[in-house]
Protein chains: 2
Amino acid sequence: MKNNLHFLLKRFSFAVMKTRKVTLSSIADDLNVSKTLVSLVLNGKADALSINKETQKRVIARANELNYKPNQVARGLRMGQTHTLGLLVADISNPFYARITRTIEHMAETEGYSLIVCSSDESESREKHLVKMLLDRQVDGIIMTTTMHQPEVLKEIIPTQFPLVLFDRYLTGFDSHYVGVDNEQATRNAVKHLLDLGHRNIGFLTLTPNYISTLYDRQQGYLTAFEAYNFPVTDKYLLQLDYVRLKNKDYNQITQFFLENPEITALFTSNNNLAIACLKTVKELGKRIPEDLSLITFDDVECFSYTAPAISCIAQPLEKIGEVAVKMALQQIKNKRIDSQKVILQTELIYRDSTCAIN
Amino acid sequence: MKNNLHFLLKRFSFAVMKTRKVTLSSIADDLNVSKTLVSLVLNGKADALSINKETQKRVIARANELNYKPNQVARGLRMGQTHTLGLLVADISNPFYARITRTIEHMAETEGYSLIVCSSDESESREKHLVKMLLDRQVDGIIMTTTMHQPEVLKEIIPTQFPLVLFDRYLTGFDSHYVGVDNEQATRNAVKHLLDLGHRNIGFLTLTPNYISTLYDRQQGYLTAFEAYNFPVTDKYLLQLDYVRLKNKDYNQITQFFLENPEITALFTSNNNLAIACLKTVKELGKRIPEDLSLITFDDVECFSYTAPAISCIAQPLEKIGEVAVKMALQQIKNKRIDSQKVILQTELIYRDSTCAIN
DNA sequence: CTGAAAGCGCTAACAA
DNA sequence: TTGTTAGCGCTTTCAG
């Protein structure tokens, strides 16, 4: 009976110990000192205030013993800094964004920041909603790819001077930090390469909505390549796929496109998903790459290098983009009020097996 | 001069207005009511307390006018609920995790939860660090793939009863909610398929660390397939790649493996990255798939279906996994104290062109 | 050298 | 029907 009671007691106190939150006050109470002291010591500000070494040791010892970890929410409220960054991408399952996310996460983590990640699905209203959400959650900064057409909405909901960096896509009329690549030039060079190989009937596959800067610029690159060589552009060789259909793997538009334009000998696709969609369609139609169709695409994904044939593409410096984005965000957070800067990084045109001279 | 002053004043008040945070108190002060009232009204608890409709309208009007949005950090501190979930995966840039993340994010968002995402890079110490971080940030629950060998560390840092769900990998000796697939069975069936096709010299490519449950179970599946058919297992046909080397795209081990075991006619790879590594190596060595080597892998990624040849694989129900994980987490958060349940989902063995009968 | 007290913005008992 | 008050856990003047 006695033992039993003992046992219960022990279990009880154990449970309590496990459950009771260890806070600054609890440590302070334990040690009969003030919260201030504990806070000071634990934040390394004790030496500056020349606080008794012994006291410091006692505090630290007790904190370790109880495994004290400051409540970051309380801290965030008090300091007005959550050490959290919002990352808003179009679609986290897209390898392009997933890989950038990884870099961003690592960089942020190194600097003591966490990431709240969200996907807009290319929806303006969702994007608006999510940005508001991030702001409500008091993130210290936002790194995002916008899907907006006009700058007004963002201007309205994001306070001036709020640490913000746009990457991948910029928004005309919206002055902010930005990091990305020269989409027009990269595309122009790729299309010129196709022209140099003798192709004239070159298709261009892109996505809705067309006002997204990257998509728009890539299309410009296609057009200016023809312009530079003084070749006429055939309008019907430009196909704009519906984003939602692509997501749902409805490739009918592409099949139609190939059937209606059998004279096409080369194709440029505006992103990795389009390239993949195209490869599937081509396979179904029994066309061979590159014999029947040369293909070159924007964005490199792992598999493009080992497929048969390997796919020629324009590779973006993903790690670098993430790196710069985080640096820009932290810069703004720390120094406050920096003129917005734009960083344009180099792309790389990778020649693989999917392109060949016209025969 | 007068105009100038006017201008300055205007700019000043503008700046102030833009800058001044709109809080409960500011609204309350504006309207000469108490914070309580405002809070009640804005949280829809006004009717229950039968508060004057007129007052309610005034509050709501003013709140809209000032575009008031509650500070979620303050709210989180006060309510002890941050409406934030921690998501810890091995590597967010791996399409397998990226796609699950997408579902999880969407589900969470629908329920009013945000996601703090982090990658452990298969490092136990990093994982430990990140879990602690998430806990410090007061997330309401954690959804994670563990990379731990032993349950002790997690047991130590995660409070009992804390809403937690493990997915993909389980941890023996660690009792928690779990959602995943039957890796052993799925692999066994795939390897049996290879055996049925007449292959006997079947390689098995896996990763370090071997104690990760999914990897271990897949290996068991390989072994038990041979066992079931009473065929002997050749130890040297099992190759375990170093995770870091794989990440760094150092495929020498694989090349060696093929050179040393030219008699191998079929290969099972334990995940998508290994399959990709293998495809690259095979290409370099000039081996043809499936003529010289039949390949089947765990995990389906988009490109496996359109490569030439398309790759046979075991597909996991990614969306479903994410869905169940979120449901389990929210269940625990809301109901508190639910017996930990394990959900094992069905995999699908997809036969494509990379496997054929031995000739 | 150390402590008391204020306050970040919010919610919820408890009064009135 | 509305307001007062306390407090979540923390940092930070300002006194002592």
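**Close-up views of a predicted model**

**View 1. Helix 7 of chain B and the residue after it.** Just past helix 7 of chain B comes B:Gln138, with a positive phi near 60°. This is a predicted model, in which local features need pLDDT of at least 70, side-chain atom pairs count only at pLDDT 80 or more, and totals for chains, interfaces and linings use all residues. Residues are numbered from 1 along each chain as its sequence is written, while chains are lettered from A and ligands numbered from 1 in the order written. Helices (DSSP runs of H or I, at least four residues) and strands (E, at least two) are numbered from the N terminus.

**View 2. The buried side of helix 7 of chain B.** Here B:Glu127, B:Leu130, B:Val131 and B:Leu134 are buried (20 or more other C-beta atoms, placed from the backbone, within 10 Å of their own). They cover an arc of only 100° around the axis, so they sit on the same side of helix 7 of chain B; the arc is that of the directions from the helix axis to the C-beta atoms.

**View 3. The surface near DNA strand D.** Among the 27 residues around DNA strand D, A:Thr23, A:Leu24, A:Ala74, B:Ser50 and B:Asn52 come nearest (near means a C-beta atom, placed from the backbone, within 6 Å). Helix 5 of chain A gives the most to this surface, 5 residues.

**View 4. The axis between the copies.** A turn of 180° and a shift of 0.1 Å along the axis lay chain B on chain A with an RMSD of 0.2 Å (least squares on C-alpha atoms of residues with pLDDT of at least 70 in both). The two copies are thus related as by a two-fold rotation axis. In chain B, B:Ile116 comes closest to the rotation axis, at 2.2 Å (C-alpha).

Key
Buried ≥ 20, exposed ≤ 12 C-beta atoms within 10 Å, placed from the backbone.
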